[in-house]
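Open the model in your viewer and keep the selection tool ready. The tour below goes stop by stop.

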Amino acid sequence: MALRSQQPVAQRAAGLMPSRAISHKQVKVRQRRGHIWAVIFQLALFSGIIALGALLYNIVNQSFGYVAIINEIDPAELAVDGVPLNELPKDTLTRILETNISKGLMRRYENDMPFTERSRENVHELILERVVEPQVAATWSLADSIFARTRVFEEAKEKYPDSHVYFRSWLTTNFVSKAQSSEPLRAGVRTAIFGSLWVVAITILFSFPIGVGAAIYLEEYAHKERFLNRLIQTNINNLAGVPSIIYGMLGLAIFVRMLEVFTSGSFLDGGGDTTANGRTIISAGLTLGLLILPLIIINGQEAIRAVPHSLRQAGFGLGATHWQVIWHHVLPGAMPGVLTGTILAVSRAIGETAPLIVVGASTFIAVDPNGPFSKFTVLPIQIYQWTSRPQDEFRNLAAAAILVLLILLLSLNASAVLLRNRFNRNQANA
Amino acid sequence: MSIAIERPLRTEEGPNAASQNGMNRYAIEVGAMNVFYGDFCAVRDVSMQAPTNKITAIIGPSGCGKSTVLRCFNRMNDLISSVRIEGKVLFQGQNIYDVSVDPVEVRRRIGMVFQKPNPFPKTIYENVAWGTRINGFKGDMDELVERALRAAALWDEVKDKLQQSALGLSGGQQQRLCIARAIAVEPEIILMDEPASALDPIATLRIEDLMKELSEQYTIIVVTHNMQQAARVSDYTAFFNVDDNRTGYLIEFDDTEKIFTNPSQKSTEDYITGRFG
């Protein structure tokens, strides 16, 4: 083949194409150039991976590690007849509590729930909380705890002679299930998790139908050449790049102030938390909904545009109406793409802090949200608040809360991906 | 193959309808039709008549507007917003471009098969059933699907995998599925836009045989690049050419035999003998 083509080609292209030897060299050079680019791209990927690794390391490093605890009263002193505190029966525990705290506090506990109805674990917890009163004296990072263990113990012995040091995971089941508290050892993120879930649910309910609807209209019905439609399209693209805090201002002006009657729930005849003044979950959800609406619309349009034109024609050719083509062919074909866009947008919404600060998320709230009209906090706000505290141990709490946020985010994404894959499979099989 | 179709004729037949004993001699009559894309005239002054239950082929060089003309016959060009059509296209005496005519009904009665096989990403069964279902079919769907697939000479190949995805079929099978899908809604005319150009010679022959069979029941208008194909299958042939302004126009329309053996125009002869351009 090569021999056969060599002669005539050489004659025809004489003076234009390089000779074989030069051509061979040039191919080498061209290949090398391509190889250099491949290496550059690989380096780009590696730096991304390194950045991500550093981030994860930083978070995990702070979430676990040794802590030095100083107890007001050593639990060993509370042991009765040599039986340690955590093995005592409930009656003895109640008596210990009674002798160690004030009468007023005891009465308050009795009023909250009579001691006869409280469980042994509950009383035990109260003793730890009010009698033992552990305080964090110092914390160490995970890296220090593993690689400089002896130094940690020496330091603790030197600076905090009364303390005892143990390895603590700041991310515990208690951390997830407990409400916010000013005591770092007892603080939890349950309120923030519920707040985040409520807000995201409202965000999705608001922005998904409206976003997909707008995308369908813009792609399928709107006359693309018309000036008004071009204007709208350009502005949607611009809106996607507007800083999120500006959406916060918008939410504050519209949802919190103007629509206070609705967002505070007072139109429901005292159905809501009247002290919230519109700074409620629904205001936050709608604000974040506005924030991600342009993203959902743009992604939806791309997905709809990606449905092959031949499918639409096939539908029309059978005498289907425009709506039948959209409903039976365009939407099922576009759904995986629409869902991917929504996943990305919701991931952004769940991590947003700035607009929620403006809209008025509570920074300290120990009561679970009970509906769209209650006050709320969300995980990013909680993290932000903890990182701005002066005490070190709140930084550990923030790191643990970041882990919770990441897990929440990943599980939301995973469920959306599963949903999308099911769509894909249905498309292929049925 | 026995497809008994009751075809209710339109009641509002125009005075120009060339009806003989209730049956139109021509399925489509085109009179002085011009097609514009924006300001650009794509096809000018087309007048032709496609006889009922015959195969009419449209041939011509690339860019002469064959497909554009074909798509005018069932208002497929409506989907492109810049297209404007002048003149008249009579279907059973009714101008399908009248304001009172709904393009959805036109497309339901004048089916179309496209150049590239485009089955829906659904099951084979659903591909055939969908068109009839959205048109309000209430009868025995299984029977209808079988009938349509048999008519498209595909039944024996797919009867055991009706519930599998249509995308698993070969290109030729997919195209026959598209034909089955088109005839399932029982149209009166089937338009075919280069139906075999994406297929190998064997699959092409099968499609051609199928077209001949279907022409007993349906009027077929087929656009093709392949002159042998036009000569093999069609009863009538329209030859289009393109002028210096890139505007297509009809050179001549006649019996296929006459076009291929004794064309009245020089350019037709040049084209079919390969001396063109």
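Select residues 190-221 of chain A, helix α9 (helices are DSSP runs of H or I of at least four residues, strands runs of E of at least two, numbered from the N terminus). Its 32 residues should span 46 Å at 1.5 Å a residue, and the end C-alpha atoms lie 45 Å apart, which agrees; the expected span is 1.5 Å times one less than the number of residues. This is a predicted model, in which local features need pLDDT of at least 70, side-chain atom pairs count only at pLDDT 80 or more, and totals for chains, interfaces and linings use all residues. Residues are numbered from 1 along each chain as its sequence is written, and chains are lettered from A and ligands numbered from 1 in the order in which they are written.

Stay on α9(A) and centre on A:S207, where there is a kink of about 25 degrees, shortly before the proline A:P209. The bend is the angle between axes fitted to the seven residues ending at a residue and the seven starting there.

Next, show α3 (124-134) and α6 (171-184) of chain B. They pack at about 30 degrees with axes 7 Å apart (axes are lines fitted to C-alpha atoms, for helices over the stretch in contact; angles run from 0 to 180 degrees between N-to-C directions). α3(B) and α6(B) are therefore roughly parallel, a term for angles under 35 degrees. To see the contact (C-beta atoms, placed from the backbone, within 7 Å), select B:I124, B:N127, B:V128, B:G131 and B:T132 in α3(B), which meet B:L177, B:A180, B:R181 and B:A184 in α6(B).

Finally, display both chains: their contact takes 22 residues from chain B and 18 from chain A.

Notes: Two residues are in contact if their C-beta atoms, placed from the backbone, lie within 7 Å. Angles under 35 degrees count as roughly parallel, over 145 as roughly antiparallel, 65 to 115 as roughly perpendicular and the rest as oblique.
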